[in-house]
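Here are my notes on this one, put down as numbered points. Have the viewer open while you go through them.

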Amino acid sequence: MTSEVVIKADKLTKRFGDFIATNEVTFEVYVGEIFGFLGANGAGKTTAMKMLCGLSKPSSGNATIAGFDIYKQTEEIKKNIGYMSQKFSLYEDLTVIENIQFFGGIYGLSDKQLKAKSNELIETLGLQNEAKKLVTSLPLGWKQKLAFSVAVIHEPKIVFLDEPTGGVDPVTRRQFWDLIYSAADRGITIFVTTHYMDEAEYCNRVSIMVDGVIRALDTPANLKRQYSATLMDEVFYELARGAKRKSD
Amino acid sequence: MADVVLNNIVKTYNKGEVKAVNNVSFEVNKGELFGLIGADGAGKTSIFRILTTLLLPNSGTASVNGFDVVKDYKAIRKNVGYMPGKFSLYQDLSVEENLNFFATVFNTTVTENYDLVKNIYVQLEPFKNRRSGKLSGGMKQKLALCCALIHRPTVLFLDEPTTGVDAVSRREFWEMLKGLKQQGITILVSTPYMDEATLCERIALIQNGSIMSIDTPDEIVKQFPENLFAVRADNMSRLLNMLRSNKQIKSCFSFGDFHHITFQDDNELSQNKLIQTLQEARFKDIELKHITPTIEDCFIKLMN
Amino acid sequence: MKQFLSFVRKEFYHVFRDSKTLLMLFGIPIVLIILFGFAVTNEIKNAKIVVCDYAKDPASQEIINKLSVSETFLLDRALLSPSQVEEAFRKEDIKLAIIFPANFYKDLQHLNKAQVQIIADGSDPNAASTLTQYATSVIMEYQQKLIQNAKMPYTISPEVRMLYNPELKGTINFVPGIMALVLLLICVLMTAVSIVKEKETGTMEVLLVSPFNPFLVIISKAIPYLALSLVNLAVILLVSVTLLDMPINGSVLLLFGASTLLIICALSLGLLISNVTQSQQSAMLISVMGMMLPTMLFTGFMFPLENMPNALQVFSNIIPSKWYYIIIKSVMIKGLGFSAIWKETLILFGTTCFFLIISLTKFKIRLA
């Protein structure tokens with residue numbers, strides 16, 4: 001982790017009519033950092049994440065992702081990020097290897113790179129026997145690990161993870177975080193949302209969004225000290241229970 | 001008196017290829033708040049569907065309120081409340097319309113059992129004309145609970161009611177369940193969140209269709225066979241790798257700001273030796289303490 | 001009863017709150033009727049024909065005059081040799097050539113027999129047969145007149161007359177066909193999708209785990225769509241009568257009765273589809289593909305069933321819309337009463353019962 005900035009949001013705002021989904025959100029994320037992006041349901045996390053991925057145009061404010069402007073350079077942004085959500089991850093009716101090759105192909109990996117990458121990936125995940133099986137037959141935890149590996153197959157600068165570990169068993173959840181750590185060690189910046197508060201502790205820094213604004217942003221240790229709490233759960237509860245907004 | 005009884009229930013899919021529920025037996029007592037704890041795909045939903053008469057088991061017997069789930073399915077359907085995994089509401093109907101609809105389907109009216117849902121419904125009242133599809137996860141969950149309660153069921157089945165819901169709403173939801181328990185309703189709830197286990201009176205830990213342990217949360221924690229320690233230092237990621245390769249350490253898993261470990265030789269010497277090793281490896285701010293295991297520790301232990 | 005009404009009300013909410021469903025329900029039928037009624041008819045107007053009149057006598061003149069006032073033909077007079085006629089077909093988009101030989105009238109008077117040659121473009125067989133039929137009928141009409149005036153038995157000419165549709169108007173055949181297609185398609189689609197949607201969102205699970213009788217679920221689903229389809233039928237009839245000049249010669253009550261039967265049949269088919277599908281998309285795909293093709297092919301309004309191989313003709317008997325089409329044509333166009341169509345109605349009734357019973361017995365009171 002360095003102090004080089006890879007995501008810079010400056011008063012990023014998104015309005016839907018009268019409704020301000022994200023309100024002047026300002027923060028920076030550093031290269032190789034694991035950044036936890038927390039918030040209650042309806043706090044504006046998804047909206048903010050969509051803007052950062054170049055999927056939605058902000059109403060006002062600025063942001064640069066890996067040095068690219070989110071208004072003008074969305075295509076460059078898409079080449080330099082990876083994205084994984086709980087809902088859409090892989091094609092269930094393709095085999096493991098077909099999925100890897102498809103997503104690798106999308107990001108323009110050469111045949112040689114693709115071959116090397118898929119072998120490496122299958123080996124690290126221990127999927128040798130499952131490589132030719134349909135993804136639908138894999139247990140959820142394996143799917144999620146595979147989905148993550150596919151999301152970083154092109155060694156992006158940043159990977160956005162939207163609740164990647166929901167419903168996964170405790171052992172697989174930890175294996176998933178091992179993958180996250182090793183990606184971060186390679187210099188990939190991790191931007192992650194989660195409902196598991198213990199996972200917030202694994203992040204270098206976390207931000208907590210309430211009603212469209214970032215109410216707190218610091219290391220987990222500092223936040224706990226500030227709110228005299230022993231667990232991140234308490235910090236989150238303290239900040240989010242006063243939320244006015246109940247709809248997404 | 002047991003309200004829910006399962007005897008050696010087996011459920012397979014794809015002509016026996018996938019074994020979803022493997023010889024599961026347990027009982028839920030009258031008025032109990034019972035938790036079924038396990039990851040997605042552990043077999044929780046299949047068990048719920050068998051108990052709510054939506055699926056037939058391949059073998060084994062089960063009963064709810066003394067009624068057999070196969071033979072007396074009509075009687076069970078009159079008496080239980082069920083909230084499936086997805087918040088099963090009509091997205092294009094308003095909050096009020098949803099509630100009224102489910103009340104009539106269950107042959108009752110909202111006013112008849114209003115006292116039961118009152119505490120929950122007051123939170124929804126300001127939005128009663130809003131389409132339920134436009135509500136947040138937490139609000140949908142509350143509305144779905146109201147709909148499942150509106151006919152004052154004897155047994156309430158809640159299949160992963162807190163999945164995808166934020167920590168604040170989850171906490172509120174468990175408060176509501178406590179309130180319902182006081183009204184004498186038997187509650188069977190499933191969750192993938194281990195931290196919610198301690199909020200239940202008794203729990204069953206389930207993995208790959210089999211039950212690993214059934215008891216009160218305290219008892220399950222007591223049964224943890226070893227001494228558990230928590231360790232932390234300045235660089236947690238390096239610490240984790242180091243602990244994993246250390247021969248002294250039997251198991252090591254990260255838990256938030258600490259790593260939880262057990263030793264091969266469970267004595268004071270091992271602890272001192274570990275601290276010494278860590279110091280030699282130039283870790284700073286080293287902290288090692290003996291701790292009480294959490295349900296998640298127990299779950300991981302039982303999985304291996 | 002209260003449960004039931006509340007269910008029906010809910011179903012109406014669903015329909016009226018989803019603009020796409022509404023559009024499908026009322027938009028598609030109207031568009032189809034207008035499209036088929038105006039654009040895709042087999043009625044031919046202004047077909048270019050060439051007339052080679054080598055006779056130039058009163059008889060040929062009169063026939064040509066008759067041909068030229070008809071809207072069907074766009075007449076061109078020229079004296080072409082046989083090879084020139086062939087070239088005209090190839091180069092000039094001619095649909096028909098009529099050649100009167102020299103001494104046409106004379107032959108008719110003296111030999112009681114005269115020949116006229118009609119050459120059609122067989123590459124478009126439907127158009128060719130329609131045009132030759134029409135041309136023949138004009139000639140026959142003249143002959144008929146001749147016989148009457150002269151009171152002399154020249155020739156016994158066969159009477160060729162287009163029964164019920166003397167102008168060979170396409171719309172008259174298409175509207176009952178479209179009615180069958182639309183009612184079948186929309187009803188199957190609506191029921192299948194609305195039930196599968198409840199499966200997808202999980203509300204079906206809750207409904208099953210309730211004291212509400214599963215069969216009531218089905219009936220309460222069917223009632224609103226039956227009602228909406230009848231409204232739909234009225235709209236189609238209104239459009240047909242006002243915009244397309246369709247006659248309704250028979251009893252409107254009978255029309256609605258037969259339609260109700262078809263709608264119930266379609267609702268049971270939709271239910272059957274909803275039993276075997278898990279997602280709205282596949283329900284939609286099966287409904288459209290599984291209903292559209294057989295209905296188009298085997299109802300008889302697009303392709304005459306008489307020309308099909310025997311096996312397909314037998315197969316067409318199980319297509320409910322075939323019988324419905326016959327009933328509707330009889331009632332609307334011929335103005336016949338129930339006594340004339342009881343056989344077809346009985347068959348349609350039987351098919352409906354068959355599908356209804358199958359779908360009700362196949363309906364799952366559990367999830368799997």
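**Notes on the chains and their contacts**

1. Start with a charged pair across the B/C boundary: the side chains of C:Arg17 and B:Glu97 meet in a salt bridge, at 2.7 Å from N to O. Keep in mind that this is a predicted model. Between chain B and chain C the count comes to 2 salt bridges. As background, side chains of opposite charge can pair when their charged atoms come close.

2. Polar contacts add to the B/C picture, with 14 residue pairs between chain B and chain C, both partners at pLDDT 80 or more. On the side of chain B that touches chain C, the elements giving two or more residues are α2 (73-79), β6 and α3 (95-105) of chain B. α3(B) gives the most there, with 5 residues. By type, the residues of that side of chain B split into 17 nonpolar, 7 polar and 7 charged.

3. How much area is buried between chain B and chain C? The figure is about 2800 Å², and carbon and sulfur atoms give 61% of it. Within chain B, the residues losing the most area to chain C are B:Leu54, B:Arg77 and B:Tyr90, together 22% of what that side buries. In residue terms, the contact takes 31 from chain B and 27 from chain C.

4. Now the other interface of chain B. Here 34 residues of chain B are in contact with 31 residues of chain A. The area buried between chain B and chain A is about 2700 Å², with 55% of that from carbon and sulfur atoms. If you want three residues to click on, take B:Asp166, B:Val168 and B:Arg171: they supply 20% of the area that chain B buries against chain A, more than any other three residues.

5. On charge pairing, 5 salt bridges are found across the interface of chain B and chain A. One to look at is A:Arg174 with B:Glu296, whose closest N and O atoms are 3.0 Å apart. Polar contacts between chain B and chain A come to 9 residue pairs, again with both residues at pLDDT 80 or more.

6. Which elements of chain B give two or more residues to the side that touches chain A? They are α5 (137-149), α6 (167-182), α8 (236-245), β12 (249-255) and α10 (295-303) of chain B. α6(B) gives the most to that side, with 5 residues. The make-up of the side is 16 nonpolar, 8 polar and 10 charged residues.

7. For the overall arrangement, 2 pairs of chains touch, and the most contacts are between chains B and C. Chain A and chain C do not touch, and their nearest C-alpha atoms are 15 Å apart.

8. On to the voids: a search of the whole structure finds 3 cavities of 30 Å³ or more. The second largest cavity has a volume of about 50 Å³. Residues of two chains line it: B:Tyr82, B:Met83, B:Pro84, B:Ser88, B:Leu89, B:Phe102, B:Ala144, B:Cys147, B:Ala148 and C:Val206. β6 (80-83) and α5 of chain B each supply at least two residues of this lining, and α5(B) has the largest share, 3 residues. The lining divides into 9 nonpolar residues, 1 polar and no charged.

9. Over all chains, the search finds 35 salt bridges. Inside chain A, A:Glu33 forms one with A:Arg205, the closest N and O atoms being 2.6 Å apart. That pair links distant parts of the chain, 172 residues apart: A:Glu33 is in the loop between β2 (19-30) and β3 (34-39) of chain A, while A:Arg205 is in strand β9 (residues 205-210) of chain A.

10. A last stop in chain C. C:Phe26 is found in helix α2 (residues 19-39) of chain C. What does C:Phe26 contact, leaving aside its neighbours within four places in sequence? The partners are C:Leu228, C:Val231 and C:Asn232. As for C:Leu184, it lies 158 residues from C:Phe26 in sequence and 14 Å from it in space, C-alpha to C-alpha.

Technical notes:
Residues numbered from 1 in each chain as written. Chains lettered and ligands numbered in written order. Predicted model: local features only at pLDDT ≥ 70, side-chain atom pairs only at ≥ 80, totals over all residues. Heavy atoms only, no water. Contact = heavy atoms within 4.5 Å. Buried area = accessible area lost by both parts, 1.4 Å probe. Salt bridge = Lys/Arg side-chain N within 4 Å of Asp/Glu carboxyl O. Polar contact = N/O pair within 3.5 Å; in protein donor to acceptor, adjacent residues only side chain to side chain. Helix = DSSP H or I, 4+ residues; strand = E, 2+ residues; numbered from the N terminus. Nonpolar A, V, L, I, M, F, W, Y, C, P; charged D, E, K, R; others polar. 1 Å grid on protein atoms, 1.4 Å probe; cavity = no way out; pocket = protein on both sides within 12 Å on 5 of 7 lines; lining within 4 Å. Points joined across faces, edges and corners; volume = space filled by probe spheres on them.
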